[in-house]
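This note is addressed to a reader who is beginning to work with protein structures. Please keep the sequence and the model in view while going through the numbered points.

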Amino acid sequence: MAKAGVIGLDIGTTHVRAAEVQISGRGASAQPTLVRYGEVALPPGAVRDGEVEDSATVSAALRKLWSDAKFTTRDVNIGVGNQRVVVRELDLPWMPLPQLRGSLAFQVQDLLPMSTDEALMDFYPTGELENATGKMMHGMLVAATRDTVRANVMAVEAAGLRPQLVDLNPFALLRAIVRGDLVNRTVAVVDIGARISQVVITAGGMPKFVRILPTGGQNATDAVAGAMGISAPDAENIKREVGIGFAVSPDLAPAAEAISGVVRPLIEAVRNTFVYYAGNHPGAGIDVVVLTGGGAHLPGFGQYLSSASRLPVTIGDPLASIRVAKSVHSESLARQSSLLVMPIGLAYGAAA
């Protein structure tokens, strides 16, 4: 029997995607290998804003995914990331990490827009420091309403799968992309999903700032469909043809205006995130922006973001730092590698 790997499962707005990764070694010498990958499309409305709405439909898609891809285990790591997840930098009095996590409800109850009784919380330490009150632990507080996580977990379990880890999606982005030379730089990873865009800024390979925005590529598709009076598939094709920032023929002007009405505010929100980070981290400017997600491939998007932010922008490739087994059709994956970032990053969570 083949050795089971670790499976990262991404439940997105339009697809469920899973990657099975075998990791040999530990720490800096760990060598990951992608051994299986699969995806199954979801109908509109099955998942909204990162949360499962139609559990039966999502569970059926997951069962098909496992049947088609022949994964060797039903143990999975899943992610969470939407507007109901709070992530903030925080300093807390130093104590052993299990004890600190156990005390979060008492230490952060005044910092959250939700009751700690309704929240699932974790603390991701990134460093230690000394101040006037003594030794402190610096890190990222993550809090999500229980309902946000419960619906996704229930859909996964109804498909016969076993969630082993519920991770924060932006942390998965970091693990999949910020590797090699990028570990030593200050990097902003910007993932443009269907309905949600996520920004995680890292320095020295550690997360420093996270922001989740309620807009993605599907919003632009919907805007084109409404402006042109056409179906969603036709609108998607036109969106890819028109892009952002290019001259178009008069018959496509309504589509260009619709795309601009969605993309320009999104770009501005991302740029403002960079400005906010720079203002709160003097002297720690961002070196490079790495784009991931299906929406990142909109023609002109990277150039527009680079112009607005005055930063170099590149497309992330999670396959650049992972071996791909012969059992995986690597040529077809290469064309959609930015879509693999989330499931591969979630699989890496087992070795984090």
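Which element gives the most to the lining of the largest pocket? The points below begin with that matter and then turn to the sheets and the cavities.

1. The model under discussion is predicted. In its largest pocket, helix H7 (232-242) is the element that contributes the most to the lining, with five residues. This answers the opening question, and H7 will return in the point on helix packing.

2. The volume of the largest pocket is about 960 Å³. Its lining consists of 45 residues, and those nearest the centre are Thr 13, Thr 14, Gly 193, Ala 194 and Arg 195. By class, the lining comprises 17 nonpolar, 19 polar and nine charged residues.

3. Both strands and helices supply this lining. The strands that give two or more residues are E1 (6-11), E2 (15-24), E4 (47-48), E6 (75-80) and E11 (186-192). The helices that do so are H6 (217-228), H7 and H11 (341-348).

4. How do H7 and helix H8 cross, and at what angle? The axis of H7 and that of H8 (residues 253-280) come within 10 Å, and the crossing angle is roughly 85°. H7 is therefore roughly perpendicular to H8, since angles of 65 to 115 degrees are counted in that class.

5. The contact between these two helices can be followed residue by residue. On the H7 side are Ile 238, Lys 239 and Val 242, which meet Ala 255, Ala 256 and Ile 259 of H8. Five of the residues in this contact are nonpolar, one is charged, and none is polar.

6. Attention now passes to the sheets. Strands of a sheet pair through backbone hydrogen bonds, in either a parallel or an antiparallel manner. One open sheet has six strands in the order E10-E6-E1-E2-E3-E16, and its pairing is mixed. Strand E10 (162-168) and strand E16 (323-324) are its edges, each pairing on one side only.

7. Within this six-stranded sheet, E2 and strand E3 (residues 31-41) are paired in the antiparallel sense, over 10 bridges. A student may locate one of the partners directly: Glu 20 has Arg 36, in E3, as its bridge partner.

8. Two helices lie across strands of the same region. Helix H4 (residues 146-158) lies across E1, E6 and E10, and its direction is at about 150° to E6. Helix H5 (residues 169-177) lies across E6 and E10, running at about 85° to E10.

9. In what order do the five strands of the other open sheet described here stand? The order is E13-E12-E11-E14-E15, with mixed pairing. Its edge strands, E13 (206-213) and E15 (313-315), each pair on one side only. On average, neighbouring strands of this sheet are turned by 20° against each other, direction ignored.

10. Strand E12 (residues 197-203) pairs with E13 over seven bridges in the antiparallel sense. Here Ser 197 stands opposite Leu 213, a residue of E13. H5 also packs on this sheet, where it touches E11, E12, E13 and strand E14 (288-292), and its direction makes about 55° with that of E12. Helix H9 (residues 301-309) lies across E11, E14 and E15, running at about 150° to E14.

11. The cavities deserve separate attention. The structure holds two of 30 Å³ or more. The largest cavity encloses about 70 Å³ of space. Its lining includes Ile 192, Gly 216, Gly 217, Ala 220 and Lys 239, together with Val 262, Val 263, Leu 266, Gly 295, Leu 298 and Phe 301. Lys 239 also belongs to the contact of H7 with H8 described above.

12. Which helix gives the most to the lining of the largest cavity? H8 does, with three residues, while H6 and H8 each supply at least two. By class, this lining has seven nonpolar, three polar and one charged residues.

13. The second largest cavity holds about 30 Å³ of space. The residues that line this cavity are Tyr 124, Phe 171, Leu 174, Arg 175 and Pro 207. H5 gives the most to this lining, with three residues. Four residues of the lining are nonpolar and one is charged, with no polar residue among them.

Technical notes: Residues are numbered from 1 along each chain as its sequence is written. This is a predicted model: local features need pLDDT of at least 70, side-chain atom pairs count only at pLDDT 80 or more; totals for chains, interfaces and linings use all residues. Side-chain values use heavy atoms; hydrogens and water are left out. On a 1 Å grid over the protein atoms alone, a cavity is a set of points where a 1.4 Å probe fits but cannot get out, and a pocket is an open set with protein on both sides within 12 Å along at least five of seven lines; lining residues have an atom within 4 Å of a point. Grid points are joined across faces, edges and corners, and a volume is the space filled by probe spheres set on the points. Helices (H or I, at least four residues) and strands (E, at least two) are DSSP runs, numbered from the N terminus. Ala, Val, Leu, Ile, Met, Phe, Trp, Tyr, Cys and Pro count as nonpolar, Asp, Glu, Lys and Arg as charged, and the others, Gly among them, as polar. Axes are lines fitted to C-alpha atoms, for helices over the stretch in contact, and angles run from 0 to 180 degrees between N-to-C directions. Angles under 35 degrees count as roughly parallel, over 145 as roughly antiparallel, 65 to 115 as roughly perpendicular and the rest as oblique. Contact means heavy atoms within 4.5 Å. Two strands pair if DSSP finds at least two bridges between them.
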